[in-house]
Amino acid sequence: MANQEFLVITQEEIEKNVPMSEYIRAVEEGFAEFARGRVTLPPKVVFHVRSGAMGVMPAFAEDSDALAIKVGNPRDDNREKGLPYITAQVFLYDSDTGLPLALMDGTSITGLRTGAVGGLAAKYLARPDSQVVGIIGGGVQGRTNLMALNETFDIKKVYLAEKVDAVRDQYIKEMSQQLGLDIQAASVEEATRNAEILVAVTGTTTPLVRDEWAHPGMHINAIGSDEPEKQECETAVLKRARVFVDWMAQCERLGDISQGLASGDLRKEDIAGGLGQVIIGEIEGRQSDDQITVYDSTGIAFQDAVSAKMIYQVALERGLGTKASL
Ligand SMILES: NC(=O)c1ccc[n+]([C@@H]2O[C@H](COP(=O)([O-])OP(=O)(O)OC[C@H]3O[C@@H](n4cnc5c(N)ncnc54)[C@H](O)[C@@H]3O)[C@@H](O)[C@H]2O)c1
């Protein structure tokens, strides 16, 4: 009988042992592989459950040798219960034998890889001298996105727009302490008007980033829209920006651009291309200091797979995880 021993790696082990810089490195390589056609991505399966959904996300990144499946469960009701909006688990496999290598907490991976992807997009698309960050939505992704931006940019000021007072105050207290940054509470308008890099990550269905507030030279990470009805930026912002996507096939259905494409206000030809194409030098990123750039992120399974592989390697090196078998 096959040896089905694998490692169980907890949230605490992941959060304590793996720095944000490692996620950024892993997803950068993953995006390059994706752009070179080296990633197998079956369609993400999402179906409605209770106050949310179950999402099943398999991927195989050939060059990173990362074969994994993530099961995620967002639930609106979880916030009232003091639970994260999204919880998840990732199973990583040996690509040769198909046997499991590790089962790990996917809640932390989802947050950390989403932040890393936002940081990576800004690294390629924002003005390199950007010092002022606006965050709209101070939840899990709003935290990890700031962590990742802090790896690349010399941040002097952060404006946080968060509608729940207690969440806002806790964010400011904890993130300013963790990252040593000057974070100030702000309205959505103030965050948008002041930001050189803006992260919109609320999951709103009424766009919050208004055209009248968006200004030349800014970069916007539209992270919150990963379902058809969600949209963070007014379509007018997207129309005058140079827009990049994580994956066109997914963004046209679920992303910030999806409603504009459906109404005909945006055309596919208006979209510059994928972040991976910028990374491998196939298309140009930002073209001038005055351009508005937008990155439309819907989240792709390979981001979890390459992060899980990287975590597994760290676990082997440091003796983390608990052995289990089936
Ligand atoms: N693109 C990706 O890869 C990706 C990955 C994970 C999550 N997401 C999406 O990102 C969004 C946020 O996820 P999360 O895990 O951070 O959720 P969360 O609940 O932890 O955080 C969202 C925050 O936004 C705040 N908010 C909502 N409406 C607001 C408004 N009008 N003004 C100011 N603040 C407002 C909420 O109070 C909350 O604190 C969701 O839509 C989620 O599906 C995208």
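This report walks through a predicted model of one protein chain, from its overall build down to a single residue.

**The whole chain**

Let us start with the big picture. The chain contains eleven helices and 16 strands. Its radius of gyration is 19 Å, close to the 20 Å that the globule rule gives for 326 residues, so the chain is as compact as a globular protein of that length. If you draw a box around the C-alpha atoms along the principal axes, that box is roughly 65 × 45 × 40 Å. Buried residues make up 52% of the 326 residues. Take the contacts with a separation of 6 or more: 72% of them join residues 24 or more positions apart.

**Two domains**

The domain assignment splits the chain into domain 1 (5–110 + 302–325) and domain 2 (127–299). Notice that domain 1 is written as two stretches of sequence. The C-alpha centres of domain 1 and domain 2 are 23 Å apart. Where the domains touch, twelve residues of domain 1 are in contact with 13 residues of domain 2. Which element gives the largest share of the domain 1 side? Helix α2 (residues 20–35) does, with eight residues. By character, the residues on that side of domain 1 are eight nonpolar, two polar and two charged.

**Strands that meet at β1**

Now look at strand β1 (residues 6–9), which pairs with strand β16 (residues 322–324) and also with strand β7 (residues 100–105). The table sets these two pairings next to each other.

| Partner of β1 | Sense | Bridges | Residue facing Val8 |
|---|---|---|---|
| β16 (residues 322–324) | antiparallel | three | Thr322 |
| β7 (residues 100–105) | parallel | three | Leu103 |

Val8 is a handy landmark here: its bridge partner in β16 is Thr322, and in β7 it stands opposite Leu103.

**A closer look at Thr322**

Thr322 sits in strand β16. Is Thr322 buried or exposed? Thr322 has 10 other C-beta atoms within 10 Å, and a residue with 12 or fewer counts as exposed, so Thr322 is exposed. Setting aside neighbours within four places in sequence, Thr322 is in contact with Leu7 and Val8. For a sense of distance, try Glu28: Thr322 and Glu28 are 294 residues apart along the chain, and their C-alpha atoms are separated by 29 Å.

**Around the ligand**

Finally, let us visit the ligand. How many residues surround the ligand? There are 31, and the closest are Gly137, Gly139, Gln141, Gly203 and Gly299. The shell is made up of twelve nonpolar, 14 polar and five charged residues. Both domains take part, as domain 1 and domain 2 each give at least three residues to the shell. Among the helices, α3 (106–125) and α4 (140–152) each supply at least two shell residues.

Helix α4 deserves a second look, since the largest share of the shell, three residues, comes from α4. This helix is mostly covered, with ten of its 13 residues buried. Among the buried residues of α4 are Gln141, Arg143, Asn145 and Met147. Gln141 therefore appears twice in this account: Gln141 is one of the residues closest to the ligand, and Gln141 is buried in α4.

Conventions: Residues numbered from 1 in each chain as written. Predicted model: local features only at pLDDT ≥ 70, side-chain atom pairs only at ≥ 80, totals over all residues. Helix = DSSP H or I, 4+ residues; strand = E, 2+ residues; numbered from the N terminus. Rg over C-alpha atoms; globule rule 2.2 N^0.38 Å. Buried ≥ 20, exposed ≤ 12 C-beta atoms within 10 Å, placed from the backbone. Contact = placed C-beta atoms within 7 Å. Pairing = 2+ DSSP bridges. Near = placed C-beta within 6 Å. Nonpolar A, V, L, I, M, F, W, Y, C, P; charged D, E, K, R; others polar. Domains from an automatic or database assignment.
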